[in-house]
Amino acid sequence: MPFNLDKFVASPSVEELDSLKKSDIVKVAKHYGIEFQPLMRKDEIKRYVLEYLVDESILPSTVLETAITVPTDNTFELKRLEMEMNKEIRLKEMERERERKERERKEREMQMQKEKEEREIQMQKEKEEREMQMQREKEAREHEFRLKQLE
């Protein structure tokens, strides 16, 4: 049955308003001069219409208390998708954080290995220098000993 605006205006009811399509609710809102954004959801425009009808004492104020807007399936789906997206973002952030920590751990290991190798090289140089020094001292003692023998 097509919507009859004049019939609704003559006898508005929450039940009939609930049964209307968005385009019909828009017609009602325009009839009463209610400002709204065309991109608003049906339930939001309906809420504006109800508030106007209560403010103008066309409907009792109790209708606002009982007219709880139940989100549509699309709203639930959008919320579910948003939650999934947030979960994916968190998982990716956690993965990036894990990769960053792994890189830092490998860099520390490499740095420690490099420092160890440098210490080993330094110790080897010091050992070689001590051996050379001991060899020079030995040669110097032998040279002194020969000189004393020649005297």
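Biologist: In this predicted model, helices and strands are DSSP runs, of at least four residues for a helix and at least two for a strand, numbered from the N terminus. Which pattern does the protein follow when read along the sequence?

Modeller: Counted in that way, the secondary structure of the protein comes to six helices and zero strands. Read along the sequence, the pattern is therefore written with helix symbols, following the DSSP runs, and it is α-α-α-α-α-α.

Biologist: What is the radius of gyration of the protein, and why is the protein described as more spread out than a compact globule?

Modeller: Along its principal axes, the C-alpha trace spans about 145 × 30 × 25 Å. For 151 residues the globule rule gives 15 Å, and the value for this protein is well over that, so the protein is more spread out than a compact globule, with a radius of gyration of 44 Å.

Biologist: What percentage of the 151 residues in the protein do buried residues make up?

Modeller: The protein exposes about 12,900 Å², of which carbon and sulfur atoms supply 53%. A residue counts as buried under 20% relative accessible area, and buried residues make up 17% of the 151 residues.

Biologist: Which helices do the buried residues of H3 pack against?

Modeller: Helix H3 covers residues 22-31, and its buried residues are Asp24, Ile25, Val26, Val28 and Ala29. After H3 comes glycine 33, which has a positive phi near 75 degrees. The partners against which the buried residues of H3 pack are helix H1 (5-10), helix H2 (14-19) and H4.

Biologist: Is aspartate 43 buried or exposed?

Modeller: Aspartate 43 belongs to helix H4, which runs over residues 42-55. Its relative accessible area is 14%, and because the cut-off for burial is under 20%, aspartate 43 is classed as buried.

Biologist: With the side chain of which residue does the side chain of aspartate 43 make a polar contact?

Modeller: The partner is placed in the loop between H3 and H4, and at 40% relative accessibility it counts as partly exposed. The two side chains make their polar contact at 3.0 Å, and the partner of aspartate 43 is arginine 41.

Biologist: How many Å apart in space are arginine 41 and valine 54, C-alpha to C-alpha?

Modeller: Arginine 41 lies in the loop between H3 and H4, whereas H4 covers residues 42-55. Arginine 41 and valine 54 are 13 residues apart in sequence, and their C-alpha to C-alpha distance is 20 Å.

Note on methods:
Residues numbered from 1 in each chain as written. Predicted model: local features only at pLDDT ≥ 70, side-chain atom pairs only at ≥ 80, totals over all residues. Heavy atoms only, no water. Rg over C-alpha atoms; globule rule 2.2 N^0.38 Å. Buried < 20%, exposed > 50% of the residue type's maximum accessible area, 1.4 Å probe, protein only. Areas by Shrake-Rupley, 256 points an atom, 1.4 Å probe, with all protein chains shown as cover. Polar contact = N/O pair within 3.5 Å; in protein donor to acceptor, adjacent residues only side chain to side chain. Contact = heavy atoms within 4.5 Å.
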